[in-house]
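Visitor: Please show me the chain and its fold, and then take my questions one at a time.

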Amino acid sequence: MELRNIQRVYLVGIGGIGMSGLARYFNHIGCIVCGYDKTPTDLTDQLRNEGIQVIFEDNNEGIPKSFRDVDEHTLIIYTPAIPHDSEILNFFQKKGFALYKRSQVLGIISKGKYTIAVAGTHGKTTTSSLIAHILKDSGVDCSAFLGGISSNYETNVLFGQSNIVVVEADEYDRSFLTLYPDIAVITSMDADHLDIYGDHAQLTDSFRLFASQVKTGGALIHKKGLPLDTGFTYSIDGDADATATNIRIENGDFYFDFVRGPITIPNIKMGIAGLHNIENAVAAVEATLRLHVDYDAIKSALGSFKGVKRRFEYIIKTDEHIFIDDYAHHPEELRAAITSIKRLYPDKKLTTIFQPHLYTRTRDFADGFAEVLDMSDELIILDIYPARELPIEGVSSDMILERMKLKKRYKYGKQEAVNKIRIEKPELLLTVGAGDIDQLVHPLKQALEDV
């Protein structure tokens, strides 16, 4: 399908972070945009306020008349998170519509553009947002499709006048293999999505294939130590092509020096916290240097970067309480978040509330979750958020608790967790997970602030 032919777009699963970005893009360029999702959220409310029709009943009678017959001007996009027995999804299939995934549509949009694609089992959302912000803030400009809500722009899609587009490339179900970028960044290749890939080796092979799809004359930038045979490496420790040195915390802010061969950008102040975010910043700096962004402009942009919603996001930051919310849902993501918090606040006791995401991920990484969560001083674990999955016999959040050594570990319901926080008012609170734990952020904030 050619971009210029598209006049109408229907998104099955429009409320997802990636899908909503596409909805906003097509609405912006003048298409008629509609969609379905199972649950109203703040994001779907925003889409409706922007003039996009969203329905919440999986009933094909709610599909507008103009979308009910196949033609060359109608694009149907779906997310793999939608159940196979969805009535709306099956309506489009039976009608003979070609169904496109988000990544395929990104391939259509980015065709003919200078594309920077950021992939990785974790770190890709912040890294792609950093790259986009540097390009925007420096005046080089870009369009961008992000996997989170940028706190600088309060959106997940950016519109620019240049020919540059930044996309977050999702490895789930091999989606990123529809992209052929000019610059590819790979932040991590840890075992994940084993329900799709079967084993880590298959996941690794997909990343290698993605890396091989960089255009001739383009660049592959990846974290040092990943099992890739070629490319430019970066790291915050060790011998890489680009590194962060002199990492330090001053008055609660992270600083570092970027070093790549003869190039040094000293005393970079990060607008966001976390050692893992310094590593993400090194990748972003390297990518934008290849677009000839000025050193001072890079430094200024990193200082003004406000982060991404639910990525090490400060909810409360006072003398009495620190409350940080993070999307971490893999053991290595949890390790990065907890390690950074411990380094920032070494004298405070950390209470972590964790909601496991997916039965398969809990089953596959129970040992890893237990080891990392033991770094907390107190843990509250919630039931597993199933997302697209049906329950698996014998798999629950108890699998993690049973493997832990921490004495203060509890399994609570959501309201029980809020009540405990209201009573105990911990000085340092971290909420982590990729499910609907974000719905607890406001109640927990109120619980901490109640006198």
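What follows is a set of questions on strands, a helix, salt bridges, cores and backbone angles.

Guide: This is a predicted model, in which local features need pLDDT of at least 70, side-chain atom pairs count only at pLDDT 80 or more, and totals for chains, interfaces and linings use all residues. Residues are numbered from 1 along each chain as its sequence is written, and side-chain values use heavy atoms, with hydrogens and water left out.

Visitor: Which residues of strand S10 are buried on one side and which on the other?

Guide: Helices (H or I, at least four residues) and strands (E, at least two) are DSSP runs numbered from the N terminus. Buried means under 20% relative accessible area, exposed over 50%, and partly exposed in between, with a 1.4 Å probe and protein chains only. In a regular strand the side chains alternate between the two faces of the sheet. Strand S10 (residues 183–186) is covered on both faces, with Ile183 and Val185 buried on one side and Ala184 and Ile186 on the other.

Visitor: Which residue in S11 stands opposite alanine 184?

Guide: Two strands pair if DSSP finds at least two bridges between them. Strand S6 (residues 114–119) pairs with S10 in the parallel sense over four bridges, and there valine 118 stands opposite valine 185. S10 also pairs with strand S11 (residues 219–223), again parallel and over four bridges. In that pairing, the residue opposite alanine 184 is leucine 220.

Visitor: At which residue does helix H11 bend?

Guide: The expected span of a helix is 1.5 Å times one less than its number of residues. For the 15 residues of H11 (residues 359–373) a straight helix would span 21 Å, but the end C-alpha atoms are only 18 Å apart. The bend is the angle between axes fitted to the seven residues ending at a position and the seven starting there. In H11 that angle is about 75 degrees, at phenylalanine 365.

Visitor: Is aspartate 367, in its salt bridge with arginine 403, buried or exposed?

Guide: A salt bridge is a side-chain nitrogen of Lys or Arg within 4 Å of a carboxyl oxygen of Asp or Glu. Aspartate 367 and arginine 403 have their closest N and O atoms 2.8 Å apart; the pair joins H11 to helix H12 (residues 398–403) across 36 residues. Arginine 403 is partly exposed at 38% relative accessible area. Aspartate 367, at 55%, is exposed.

Visitor: Lysine 215 and aspartate 182 also meet in a salt bridge; what is the relative accessibility of aspartate 182?

Guide: The side chains meet at 3.3 Å, N to O. Lysine 215 lies in the loop between helix H7 (200–212) and S11, and aspartate 182 in the loop between strand S9 (164–168) and S10, 33 residues apart. Lysine 215 is partly exposed at 31%. Aspartate 182 counts as buried, because its relative accessibility is 13%.

Visitor: What is the relative accessibility of glutamate 286?

Guide: Glutamate 286 forms a salt bridge with arginine 290, with closest N and O atoms 2.9 Å apart. Arginine 290 is partly exposed, with a relative accessible area of 31%. Glutamate 286 counts as buried, at 0%.

Visitor: Which helix gives the most to the largest nonpolar core?

Guide: A nonpolar core is a set of buried Ala, Val, Leu, Ile, Met, Phe, Trp, Tyr and Cys residues joined through side-chain atoms within 4.5 Å. The largest has 72 residues, and Ile131, Leu135, Phe256, Phe258, Leu302 and Phe354 touch the most other members. With nine residues, the helix that gives the most to this core is H8 (residues 275–289).

Visitor: How far apart in space are methionine 19 and phenylalanine 145?

Guide: Methionine 19 is found in helix H1 (residues 17–28) and is buried at 4% relative accessibility. Leaving aside neighbours within four places in sequence, its contacts (heavy atoms within 4.5 Å) include Leu11, Ile77 and Arg102. Methionine 19 and phenylalanine 145 are 126 residues apart in sequence, and their C-alpha to C-alpha distance is 9.8 Å.

Visitor: What is the phi of leucine 358?

Guide: Leucine 358 sits in the loop between strand S18 (350–354) and H11. The residue is buried, with a relative accessible area of 1%. Its phi is positive although leucine 358 is a residue other than glycine, and the value is near 85 degrees.
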